[in-house]
Amino acid sequence: MKPLLILIFTFTIAVFILKIVTGKYDYALSARIGMSVMLLFTALGHFLYTEGMSMMIPNFIPFKKELVYFTAIIEILGAITLHVPSLKSITAWLLILFFVLILPANIKASIDQVNYQNAAYDGNGLAYLWFRVPLQILFVVWVYISSIK
């Protein structure tokens, strides 16, 4: 829920600041700014909640903590390169792939009731998927529309 709120809040603020600064609405840039701030926020979570996020990764995948750190770096790089004109499109496609690839971890976390912040098994459970799956779809569409289309 927090990433969604940050995405929408930052997008809204960016729309109005860009309107004041440039005299026009730039929804695509505002959407990229919102996505970048959201990605930086979620990357921070990877460093703060490494143990709990490691619990989300399927058991057959080795080096769980390292993978959590690696995905944080991916999010940081994605947040930056969404604003590099020559890299914007490829970054968007890679972020779309990233959002698709992390969905199984979110599904596992729901099934196992992982509470990544406390590194415990007392999370929201399967009901969380009713929010998380549409959220992942929103992220994919958001990146596509703001960076590729």
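What follows is a short look at the pocket, surface patch, salt bridges and a few single residues of this predicted model.

Since the model is predicted, local features need pLDDT of at least 70 and side-chain atom pairs count only at pLDDT 80 or more, while totals for chains, interfaces and linings use all residues. Residues are numbered from 1 along each chain as its sequence is written, and side-chain values use heavy atoms, with hydrogens and water left out.

The pocket comes up first. The largest one holds about 1300 Å³ of space. Here a pocket is an open set of points on a 1 Å grid over the protein atoms alone, where a 1.4 Å probe fits, with protein on both sides within 12 Å along at least five of seven lines; lining residues have an atom within 4 Å of a point. The volume is the space filled by probe spheres set on the points, which are joined across faces, edges and corners. There are 49 lining residues, and those closest to the centre are His-46, Met-53, Met-56, Asn-106 and Arg-132. Two or more lining residues come from each of H1 (2-22), H2 (27-48), H4 (64-81), H5 (88-111) and H6 (129-147), these helices being DSSP runs (H or I, at least four residues) numbered from the N terminus. Helix H5 chips in the most, with 13 residues. Sorted by class, the lining has 32 nonpolar, 14 polar and 3 charged residues; Ala, Val, Leu, Ile, Met, Phe, Trp, Tyr, Cys and Pro count as nonpolar, Asp, Glu, Lys and Arg as charged, and the others, Gly among them, as polar.

H5 turns up again on the outside, giving the largest share, 5 residues, of a nonpolar surface patch. The patch has about 960 Å² of accessible area together, and its members include Leu-87, Trp-93, Leu-97, Leu-101 and Tyr-144. Such a patch is built from residues with over 30% relative accessible area and no salt bridge, nonpolar side chains (Val, Leu, Ile, Met, Phe, Trp, Tyr) being joined within 5 Å; areas come from the Shrake-Rupley method with a 1.4 Å probe, and for residues only the protein chains shown count as cover. H6 also supplies at least two patch residues. Within H5, Leu-101 is exposed at 59% relative accessibility, whereas Leu-97 is partly exposed at 46% (buried is under 20%, exposed over 50%, partly exposed in between).

As for charges, the structure holds 2 salt bridges, each a side-chain nitrogen of Lys or Arg within 4 Å of a carboxyl oxygen of Asp or Glu. In one, the closest N and O atoms of Glu-51 and Lys-65 are 3.0 Å apart. Glu-51 sits in H3 and Lys-65 in H4, so this pair ties together parts 14 residues apart in sequence. Both ends are partly exposed, Glu-51 at 44% and Lys-65 at 39%. The other bridge joins Lys-108 and Asp-112 at 2.6 Å, N to O; Lys-108 is buried at 14%, while Asp-112 is partly exposed at 30%.

A few single residues round things off. Gly-52, in helix H3 (residues 50-54), is buried at 2% relative accessibility. Two residues other than glycine have positive phi: Phe-63 near 55 degrees and Ala-119 near 50 degrees. Phe-63 lies in the loop between H3 and H4 and is exposed at 60%. Ala-119 belongs to the loop between H5 and H6 and is partly exposed at 31%.

Methods. Patches are made of residues with over 30% relative accessible area and no salt bridge: like charges are joined within 9 Å, nonpolar side chains (Val, Leu, Ile, Met, Phe, Trp, Tyr) within 5 Å. Buried means under 20% relative accessible area, exposed over 50%, partly exposed in between (1.4 Å probe, protein chains only).
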